[in-house]
Amino acid sequence: MDAEKRAALDALARATDRDRSYLINEAVDAYLAVHRWQIAHIEEGLRQAEAGEFATGEEVTAAYARWR
């Protein structure tokens with residue numbers, strides 16, 4: 001970790017009365033949660049596509065028209 005990031009992290013740690021390790025663990029947890037969510041949704045989209053469960057061209061056009 002470069003010095004600028006470490007200094008910013010230490011300042012945040014002081015401001016929140018936490019230690020650097022706590023903040024890093026929280027950041028890693030948040031990162032993993034976002035990527036797990038993203039991967040799960042991609043996998044579900046692929047499953048739906050492979051099963052033929054996707055919108056027809058007409059359905060897409062109708063949905064788009066509602067939002068214009």
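Guide: A residue is called buried when its relative accessible area is under 20%, exposed when over 50%, and partly exposed in between, with a 1.4 Å probe and protein chains only. By that rule, buried residues make up 4% of the 68 residues in this protein. The model is predicted, so local features need pLDDT of at least 70 and side-chain atom pairs count only at pLDDT 80 or more, while totals for chains, interfaces and linings use all residues. Residues are numbered from 1 along each chain as its sequence is written, and side-chain values use heavy atoms, with hydrogens and water left out.

Visitor: Why is Asp-17 called exposed?

Guide: Exposed requires a relative accessible area over 50%, and Asp-17 has 71%, so the residue counts as exposed. Asp-17 lies in the loop between α1 (3–16) and α2, and its phi is near 55°, a positive value in a residue other than glycine.

Visitor: Why is Glu-59 called partly exposed?

Guide: The relative accessible area of Glu-59 is 46%, which falls between the limits of 20% and 50% and therefore earns the middle label. Glu-59 belongs to helix α3 (residues 57–66), and its C-alpha atom is separated by 50 Å from that of Arg-6, 53 residues apart along the chain.

Visitor: What makes α2 a helix, and how do you know that its span agrees with its number of residues?

Guide: Helices are DSSP runs of H or I with at least four residues, strands are runs of E with at least two, and both are numbered from the N terminus; α2 covers residues 20–50. The expected span is 1.5 Å times one less than the number of residues, so the 31 residues of α2 should span 45 Å, and the end C-alpha atoms are indeed 45 Å apart. After α2 comes Gly-52, whose phi is positive, near 75°.

Visitor: What is the radius of gyration of the protein, and how does the globule rule apply?

Guide: The radius is taken over C-alpha atoms, and the rule is 2.2 Å times the number of residues to the power 0.38. A compact globule of 68 residues would have a value near 11 Å, but the protein has 21 Å, and its C-alpha atoms fill a box of roughly 55 × 30 × 20 Å along the principal axes. The protein has three helices and zero strands.
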